[in-house]
Amino acid sequence: MRFSEIVNEGSPDTIAGSYTPDLVFSKQWLCQTLAELLNGQSAGTICALGSWYGNIGVFLQQSNIVFDHLVLVETDREKLESSKQLLPTLIDKNMVTFVLGDATSIEYPENCTIINTSSNEMDNGWLDCTPDGSCVIIQGRNNTTSPVPVTTENLEQFDAAFPLSKTLYINEIQLEDPEVPYTRFMKIGIK
């Protein structure tokens, strides 16, 4: 898979919209990179912040990433309920918890893996609340189409906005939605 190609599609606020090519590509990139870094080891408990419709659980399973439990954290009750449609296997195995709440108000397990693919839409308080020693995966973008709490126009700004004690991976890919072409950033490291 080549992560340098341009994908062209918008992302409506629906379950189907969470599967537009640019978002699918971004989550595949995340999971492929995480799998390579884990090298067969378990990610432990994964907390997905701003989980939207929860499809990160689908991508984690498709990538054969080993994990003990998935915690989906979302502030929108309807989206959180909708995510249950996508994860019957994890629900049947009692491997997923659905948390209605803000990323700054939950209790994180020690040394968990935290995924935030909505970093521009949250103020940085979420990162302050995560436990030291946790693996943190952050995705953001430039050219946001509406005002957001965290603006990152290039990889250097993105890196500085989300300081970690150790960076294991940082990169960017070029994508496109109907409004503007944009750059998706990703950083993986230890808090």
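Contact here means heavy atoms within 4.5 Å. With that in hand, a look around this predicted model can start at F162, a residue in the loop between α6 and β6. Setting aside neighbours within four places in sequence, F162 is in contact with S119, N124, W126, L127, I138, V150 and K187. F162 has a relative accessible area of 0%, so it counts as buried. One of its partners, I138, sits 24 residues away along the chain, yet the two C-alpha atoms are 8.1 Å apart in space.

F162 also belongs to an aromatic group: together with W126, F158 and F185 it makes up one aromatic cluster. Across the whole structure, a search turns up five aromatic pairs. Among them is the pair of W52 and Y53, which is tilted, with 5.3 Å between the ring centres and 50 degrees between the planes. Y53 is buried, as its relative accessible area is 8% and the cut-off for burial is under 20%.

Two rings have a charge for company. The charged end of R141 sits over the ring of Y182, 3.7 Å from the ring centre. Over the ring of F98 sits the charged end of K84, at 5.2 Å from the centre.

R141 turns up again around T152, a residue of the loop that runs between β5 (135–141) and α6 (155–161). T152 counts as buried because its relative accessibility is just 1%. Its side chain has polar company even so: a polar contact of 3.2 Å links it to the side chain of N120, and a polar atom of the T152 side chain lies 3.1 Å from the backbone oxygen of R141. Beyond four places in sequence, the residues that T152 touches are N120, R141, N142, Q157, F158, A161 and F185. Two of these, F158 and F185, are members of the aromatic cluster described above.

Next comes helix α1, which covers residues 21–38. This helix has 18 residues and spans 25 Å from its first C-alpha to its last, close to the 26 Å expected at 1.5 Å a residue. Its buried residues are D22, L23, V24, F25, S26, K27, W29, L30, C31, T33, L34 and L38. Several elements help to cover them, including α2 (56–62), β4 (113–116), β5, β6 (166–176) and β7 (181–190). Just after the helix comes N39, with a positive phi near 50 degrees.

Helix α1 matters to the count of the largest nonpolar core, too. That core has 32 residues, and those with the most contacts inside it are I56, L60, F67, L70, L72 and I137. Two or more residues each come from α1, β1 (45–49), α2, β2 (69–74), β5, β6 and β7, with α1 giving the largest share, seven residues. For a closer view of one core member, I56 touches K27, L30, C31, A48, L72 and I115, again leaving out residues up to four places away in sequence. Of these, K27, L30 and C31 are among the buried residues of α1. There is also a second, separate core of 21 residues, which includes C47, V71, A103 and A161. A161 is one of the residues touched by T152, which leads back to the loop between β5 and α6.

Key. Residues are numbered from 1 along each chain as its sequence is written. This is a predicted model: local features need pLDDT of at least 70, side-chain atom pairs count only at pLDDT 80 or more; totals for chains, interfaces and linings use all residues. Side-chain values use heavy atoms; hydrogens and water are left out. Helices (H or I, at least four residues) and strands (E, at least two) are DSSP runs, numbered from the N terminus. Buried means under 20% relative accessible area, exposed over 50%, partly exposed in between (1.4 Å probe, protein chains only). A polar contact is a pair of N or O atoms within 3.5 Å; within protein, one must be able to donate a hydrogen and the other to accept it, and residues adjacent in sequence count only if both atoms are side-chain atoms. The expected span of a helix is 1.5 Å times one less than its number of residues. A nonpolar core is a set of buried Ala, Val, Leu, Ile, Met, Phe, Trp, Tyr and Cys residues joined through side-chain atoms within 4.5 Å. Rings of Phe, Tyr and Trp (its six-membered ring) pair if their centres lie within 6.5 Å; planes under 30 degrees apart count as stacked, over 60 as edge-to-face and the rest as tilted. A charge sits over a ring if NZ of Lys or CZ of Arg is within 6 Å of the ring centre and within 35 degrees of the ring normal.
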